[in-house]
Structure formats: C-alpha cells, structure tokens
Amino acid sequence: MGQELVIAIIKMIVVFALALLVVAYLTYLERKIIGHMQLRLGPMRVGPHGLLQPIADGLKLFVKEDIVPREADKWTYYFAPVFDLVCALVLLAVIPFSYHFMVTRLNIGVLYILSIASVGSIAILLAGWASGSKYPILGGLRSAAQMFSYEIFLGFSIIGVLMISGSLDLVKIVEAQSRVWNIVYQPVAFVIYIIAALGELKRIPFDLPEAENELVAGHHTEYSGFKFAYFFLAEYAHMIIISCMAVILFLGGWKGPVLPGIVWFLIKICAFFYFFIWVRGTFPRYRYDQFMAIGWKIMLPVVLANIVATGVVMRLV
Amino acid sequence: MYQHISQYTPVLLFFVLAIGFGVGALILAYLVRPDKPDPEKLSPYECGIPPLMSVKERIPVRFFIIALLFLLFDVEAVFMYPWAVVYNYIGWWGFIEMFLFIVILLVGYVYAWAKGALEWE
C-alpha cells in the first residue's frame with residue numbers, strides 16, 4: 001500500500017510537470033503553425049526558431065503587475081482563475097496514457113472527467129461576474145450558455161461508446177477496442193463529439209465568448225499577470241483532455257502495431273492538436289444564433305437518434 | 001470496498017498538488033511583481049472611455065431558458081450512463097423503457113422548440 005502510494009505520487013508529479021510543459025509548448029505550436037498557414041514565420045526571436053518563447057512569455061506574465069479593477073468582487077476575482085486551472089489539471093489524474101502509465105485507475109473514469117469538466121465551466125461564469133465590467137459579464141454569460149449546451153451533446157455522443165464497451169472505466173473502454181476502433185461503429189457520434197468539443201473548448205469556429213471584435217476578450221478582459229496565464233493554461237489543458245478522451249473513446253487509445261503503446265497515444269493526440277489548430281487557421285467564426293441553432297436543432301436530434309439506432313443494432317446483431 | 005476508496009487517494013493528492021501550484025504561484029508572483037495602482041489603471045475597461053453605466057444591468061432571459069434546458073437534458077444524460085453500461089444485459093425491455101423515456105423528453109423538446117425557446121433573434 002505504502003509503496004503503491006509512493007509510485008502514484010511520482011507518476012503524479014511526472015504527469016503534472018509534463019502537462020505544464022506540453023501546455024506551454026502547445027501555445028508555441030499554435031502560433032508557429034498558424035504563422036506558417038498565413039505565410040508568416042511565427043515566433044523566431046527567443047532561442048533557435050523561437051523555441052524558448054513560451055518560457056519567456058511565462059516569465060513575463062509572472063513579473064507583470066496584477067491589476068484588480070475597482071468594481072471587481074475581489075475574492076471571487078482571485079478565486080475564479082485558480083478554480084479554472086485546478087478543474088482543468090485534476091482531469092489528468094485518470095487519463096491512461098498506456099496500459100501501465102496512468103496516475104490512478106477509476107472504475108468511473110468517464111463520469112469523473114465529465115463531472116469535473118462541467119464544474120470547470122462555472123469558473124468562467126464566476127470570472128466574468130467578478131470582474132465588474134461589461135465585456136467580461138457578457139462573455140461569461142455567453143460562455144456559460146455555450147459550454148453548458150455543448151456539454152450535453154458531448155455527453156450524449158459518448159453514450160453510444162459506453163453501450164458498446166459496457167464500462168465507464170477508461171482502460172476497459174480501450175481494451176474493448178483491441179480489434180476494431182469505436183470510430184467504425186460510431187462515426188456519427190465521433191463527428192458530433194468533435195463539433196461539441198470545439199464548442200466546449202471555445203475555439204474557432206465557436207470562439208464566440210471571446211470574439212475580439214464584439215467582446216474584446218470575453219471573461220478574461222480584466223485579468224492580467226499570472227491570473228491571465230491561468231486561464232490560458234486551463235484552456236490548453238482542456239484541449240489536451242478533450243484530445244485524450246477522443247483518442248481513448250473512439251481511436252483505440254494506445255492500441256497500434258509495432259510501436260509501444262505510449263508512442264501511439266502521443267501520435268494520436270498530436271494529430272488532434274494539429275487538427276484543432278488547423279481548424280482555427282481555416283474557418284471563420286459562426287454567429288451566436290447560428291451556433292445555438294446548430295447545437296439545439298441539429299446536433300441534439302441527431303445524437304439522440306444515434307443512441308436509439310445503436311440500441312436497435314446491438315439488439316439485432 | 002477499501003480498494004475502491006484507495007483508488008481515489010491519488011485523485012485527492014492531485015487536487016492538493018493543483019491547488020498548491022495555483023495558490024503558490026500567485027503568492028510567489030505577488031512577491032516579485034511591481035504594484036503601482038492608480039485610479040485610471042483600476043477603472044473597468046471600456047475601450048478607452050470612462051465607464052458609462054453600472055454593470056448591474058438586467059440580463060436576457062434567453063440565458064435562463066438555456067439553463068432550464070440544460071438541467072432537463074443533463075439529468076437525462078445522467079440517467080442514460082448507467083443504462084448504457086448495463087445495456088448488454090437488459091434485453092429488449094431495457095431498450096423499450098429508455099426509448100419511452102427519450103420520447104417523453106422529446107415531447108418537451110418539441111414544445112420548447114414550438115414556443116421559440118431555441119431561437120436567438
């Protein structure tokens with residue numbers, strides 16, 4: 001028992017440190033890829049090819065003056081970014097990166113991730129409310145409506161996978177895909193999952209809460225310094241989690257020929273990172289009424305029909 | 001039973017680590033950074049002009065309707081998770097029961113649509 005705990009703590013620290021590093025370099029990757037897509041070079045000055053840019057950014061935000069606006073509700077204003085970051089980082093505790101490498105294995109892993117992630121959306125609302133300024137409140141309300149709506153579709157799209165694998169344990173879900181990946185059985189659910197994920201992550205084409213030309217920066221307009229960095233870290237940590245969940249639920253997790261499992265896992269989530277950045281470099285932004293209509297009028301009926309269809313097919317086969 | 005509880009110990013420790021990092025880094029930054037507030041700097045952002053109205057305005061009722069719909073469908077999803085996990089063992093009856101449940105909720109959904117709760121004009 002004691003030894004297991006020590007191993008768990010070591011794994012925890014490794015995962016935590018790696019997650020922060022990956023999050024930092026995701027921002028670099030994003031700027032670099034978007035730059036090249038727009039025929040620019042992206043960051044080039046700090047270090048070779050700008051490789052030290054994320055560290056410079058982090059240091060800069062660390063020593064920046066921290067402004068608390070006059071109208072702000074001070075405690076909530078401090079609480080929101082920490083809350084957001086914690087809710088994003090603790091999700092990493094249950095992600096199985098390979099059969100052996102995970103911090104802990106819960107038999108309700110999927111529920112844990114969905115529940116903590118939905119608590120995390122409250123942090124955005126709190127941040128908008130606590131700032132005591134117009135744009136953050138509007139941005140916070142918008143993101144709350146957006147994230148709560150798209151969370152439903154995300155949750156429903158997973159149900160088909162759960163019916164096939166018959167477990168909420170992430171390891172068992174991957175093991176059930178030894179022969180065929182779930183994406184073959186659940187292509188509709190996969191598409192809905194990806195669209196809902198873009199909405200949940202508040203990324204282009206659905207970055208309405210942060211639409212620069214109407215809302216300045218949404219809920220983090222008034223935030224500066226390291227508290228601002230927390231929102232960024234949380235956002236990219238959510239991107240990692242969403243990619244990991246997509247790989248585990250639909251693309252066979254660490255399964256793959258020849259290479260060791262963890263390498264396959266990393267290749268698959270990197271493909272997702274690239275996909276999300278690619279989408280950002282390609283699509284324009286939707287209007288808010290269009291965005292809500294897509295969700296409530298198209299995705300919800302489709303995803304419910306998918307569950308019923310999966311149920312019928314599973315009974316007949 | 002004890003084994004199931006002990007699975008959660010690392011989760012708890014992860015919470016402690018994450019909160020420690022979050023609060024610790026803020027305190028550290030507080031010690032390092034400059035702090036020179038002035039009235040202009042602390043005024044709420046409003047594209048460079050002095051703030052016009054209070055922020056304690058009324059908010060559109062649409063957001064409240066979305067919250068109600070969220071409750072409705074999220075509770076539905078919560079009922080569906082255990083159903084999905086045991087789906088292989090409950091036969092056609094299990095399917096028909098969930099189908100009826102979905103149909104009942106769809107009636108509410110169609111009503112909400114007809115009443116215009118899903119429109120953002």
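Is A:L39 buried or exposed? A:L39 counts as exposed, because its relative accessibility is 81%. The structure is a predicted model. This report covers its backbone outliers, cavities, main pocket and a nonpolar surface patch.

## Two positive phi angles

A:L39 sits in the loop that joins helix 1 to helix 2 of chain A. Its phi is near 55°. That is a positive value, in a residue other than glycine. Most residues other than glycine have a negative phi.

A:K202 also has a positive phi, near 55°, and is likewise a residue other than glycine. The loop between helix 8 and helix 9 (212-215) of chain A holds A:K202. Here the surroundings need a separate look. A:K202 has 7% relative accessibility, so it counts as buried. The cut-off for buried is under 20%.

## The largest cavity

The whole structure contains 2 cavities of 30 Å³ or more. The largest cavity holds about 250 Å³ of space. Its lining consists of 23 residues. Those nearest the centre are A:A117, A:E200, A:L201, A:H238 and A:I242.

Four helices of chain A each supply at least two lining residues: helix 4 (109-130), helix 5 (134-165), helix 8 (187-200) and helix 10 (225-250). Helix 10 of chain A gives the largest share, 7 residues. By class, this lining has 15 nonpolar, 4 polar and 4 charged residues.

## The second cavity

The second largest cavity holds about 30 Å³ of space. Both chains contribute to its lining. Chain A provides A:I307 and A:V308. Chain B provides B:W83, B:F95, B:M98, B:F99 and B:I102.

Helix 12 (288-316) of chain A and helix 5 (91-114) of chain B each supply at least two of these residues. The largest share, 4 residues, comes from helix 5 of chain B. The class count for this lining is 7 nonpolar, no polar and no charged residues.

## The largest pocket

About 1200 Å³ of space lies in the largest pocket. It is lined by 41 residues. Nearest the pocket centre lie A:T27, A:D57, A:L61, A:F232 and A:Y236.

Helices of both chains take part. On chain A, helix 1 (2-37), helix 2 (53-63) and helix 10 each supply at least two lining residues. On chain B, helix 2 (9-32) does so too. Helix 1 of chain A gives the most, with 10 residues. The pocket lining has 23 nonpolar, 5 polar and 13 charged residues.

Helix 10 of chain A thus appears in two linings. It supplies at least two residues to the largest pocket, and 7 residues to the largest cavity.

## A nonpolar surface patch

A nonpolar patch lies on the surface, with about 740 Å² of accessible area together. A:V63 is its member from chain A. The chain B members are B:I19, B:V23, B:I27, B:L28, B:Y30, B:L31 and B:V32. Helix 2 of chain B provides the largest share of the patch, 7 residues.

B:V23 is one of the patch residues, and it lies in helix 2 of chain B. B:V23 counts as partly exposed because its relative accessibility is 36%. Patch residues need over 30% relative accessible area. Helix 2 of chain B also supplies at least two residues of the lining of the largest pocket.

Technical notes:
Residues are numbered from 1 along each chain as its sequence is written. Chains are lettered from A and ligands numbered from 1 in the order in which they are written. This is a predicted model: local features need pLDDT of at least 70, side-chain atom pairs count only at pLDDT 80 or more; totals for chains, interfaces and linings use all residues. Side-chain values use heavy atoms; hydrogens and water are left out. On a 1 Å grid over the protein atoms alone, a cavity is a set of points where a 1.4 Å probe fits but cannot get out, and a pocket is an open set with protein on both sides within 12 Å along at least five of seven lines; lining residues have an atom within 4 Å of a point. Grid points are joined across faces, edges and corners, and a volume is the space filled by probe spheres set on the points. Ala, Val, Leu, Ile, Met, Phe, Trp, Tyr, Cys and Pro count as nonpolar, Asp, Glu, Lys and Arg as charged, and the others, Gly among them, as polar. Patches are made of residues with over 30% relative accessible area and no salt bridge: like charges are joined within 9 Å, nonpolar side chains (Val, Leu, Ile, Met, Phe, Trp, Tyr) within 5 Å. Accessible areas come from the Shrake-Rupley method with a 1.4 Å probe; for residues, only the protein chains shown count as cover. A salt bridge is a side-chain nitrogen of Lys or Arg within 4 Å of a carboxyl oxygen of Asp or Glu. Buried means under 20% relative accessible area, exposed over 50%, partly exposed in between (1.4 Å probe, protein chains only).
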